[in-house]
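Thanks for coming. I will walk through one chain this morning, strand by strand, and then say which parts to trust less. Please look at the screen.

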Amino acid sequence: MALSFSRTSLSITQKYFPSKNPTTKSTILNLLSYKPHNLNKFSTISKPNSFSLTITKLSKSPKPKSHLQPVRSLFTGIVEELGTVQSLGDTKDGGFDLKIEAKTVLEGVHLGDSIAVNGTCLTVTDFTNEDFTVGLSPETLRKTSLIELKTGSLVNLERAVQPDSRMGGHFVQGHVDGTGMIVEKEPEGDSLWIKVKADKGLLKYIVPKGFIAVDGTSLTVVDVMEEEECFNFMLVAYTQQKVVVPLKEVGQKVNLEVDILGRYVERLLSSGFVDSFKGSS
């Protein structure tokens, strides 16, 4: 609480209103008058011969002005455009750069922005009106299929969502969990069946009718073949024209990111969180 009073009024109060049984008010005033030479630092808010005590209630935790930045590390799996690899390779300082020709994702781009390239969240380090450059770490090259890219390769591109963006697919972080290999492609009418072989460690998070990001494209799993360690999905004609997956051949790798909700559920179950409720019932 904030206290403001007059030095003159304080002396008058003590002279004419002594208290043998000090109240909260008198105690506060007596404490403040203990060293009168320090009272000059308090602001005078009343006339010399009148008493005035102003109490202002302050917020316990005043809220600072919001300085939140737009979300930069979440995607929807809805590919915005296909970009073309212009160059990739080692840099003078020992890094590895990837330059991609694009158009849509360059609208409003800034240095440090996140763009998903075949489902891999990468940071823009340079850009022009026609292309942008991202840096690749050794771990990214080991964990993803980006190492297979070459000049002229097409890649899926998507900018990170903004707070007002529509969530057309599902929550995609751009953190590739591993790679899978295309083992079968089979057309049915104007649609295309694709079967992918995945590691057992990832396959346990993949469920029929569930979400999965394949090269950054939000797709619905049709079936999971446990014995073959595979899962499949179907691409309609429109999607085939907008993403890179149908352009790949049998034997090529695709980036996989499983639905993060499955990992959270597993974490809760393994932590004993659910059992704690059973014990209390």
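Strand β4 and strand β7, residues 131–135, run antiparallel and are joined by 5 bridges. One pair to find on the screen is Asp 97, whose bridge partner in β7 is Gly 135. Keep in mind that this is a predicted model.

β4 also pairs with strand β3, residues 81–90; these two are antiparallel as well, with 6 bridges between them. Here Thr 84 stands opposite Glu 101 of β4. The hairpin that β3 and β4 make has 5 residues between the strands, and in it Gly 94 takes a positive phi near 95°.

Now the faces of β4, which covers residues 96–101. Which residues are on its covered face? They are Phe 96, Leu 98 and Ile 100, while Asp 97, Lys 99 and Glu 101 make up the uncovered face. So you have met Asp 97 twice: on the uncovered face, and as the bridge partner of Gly 135.

Next, the open sheet. It has 7 strands, in the order β12-β11-β15-β9-β10-β14-β13, with antiparallel pairing. At the edges are β12, residues 217–220, and β13, residues 223–225, each of which pairs on one side only. From one strand to the next the twist averages 40°. The edge strand β13 pairs with β14 over 3 bridges, and Val 224 has Phe 231 in β14 as its bridge partner.

Phe 231 comes up again in the largest nonpolar core, which has 21 residues. Phe 231 is among those with the most contacts inside that core, as are Ile 194, Val 214 and Leu 256. The elements giving two or more residues to this core are β10, α4, β11, β14 and β15. What does Val 214 touch, leaving aside its neighbours within four places in sequence? Its contacts are Leu 219, Phe 231, Phe 233, Val 245, Val 254, Asn 255 and Leu 256. Apart from this core lies another, of 20 residues, including Val 105, Val 109, Leu 122 and Leu 141.

Last, confidence. The chain has a mean pLDDT of 78, and 68% of its residues reach 70 or more. Among the elements, β10 has the highest mean, 98, and helix α1, residues 7–16, the lowest, 44. Over residues 1–20 the pLDDT is below 50, although the model gives this stretch 50 contacts beyond near neighbours in sequence. Residues 24–29 also stay under 50, with 8 contacts beyond four places in sequence.

Notes. Residues numbered from 1 in each chain as written. Predicted model: local features only at pLDDT ≥ 70, side-chain atom pairs only at ≥ 80, totals over all residues. Heavy atoms only, no water. Core = buried A, V, L, I, M, F, W, Y, C linked by side-chain atoms within 4.5 Å. Buried < 20%, exposed > 50% of the residue type's maximum accessible area, 1.4 Å probe, protein only. Helix = DSSP H or I, 4+ residues; strand = E, 2+ residues; numbered from the N terminus. Contact = heavy atoms within 4.5 Å. pLDDT = per-residue confidence, 0-100. Pairing = 2+ DSSP bridges. Axes fitted to C-alpha atoms, helices over the stretch in contact; angles between N-to-C directions.
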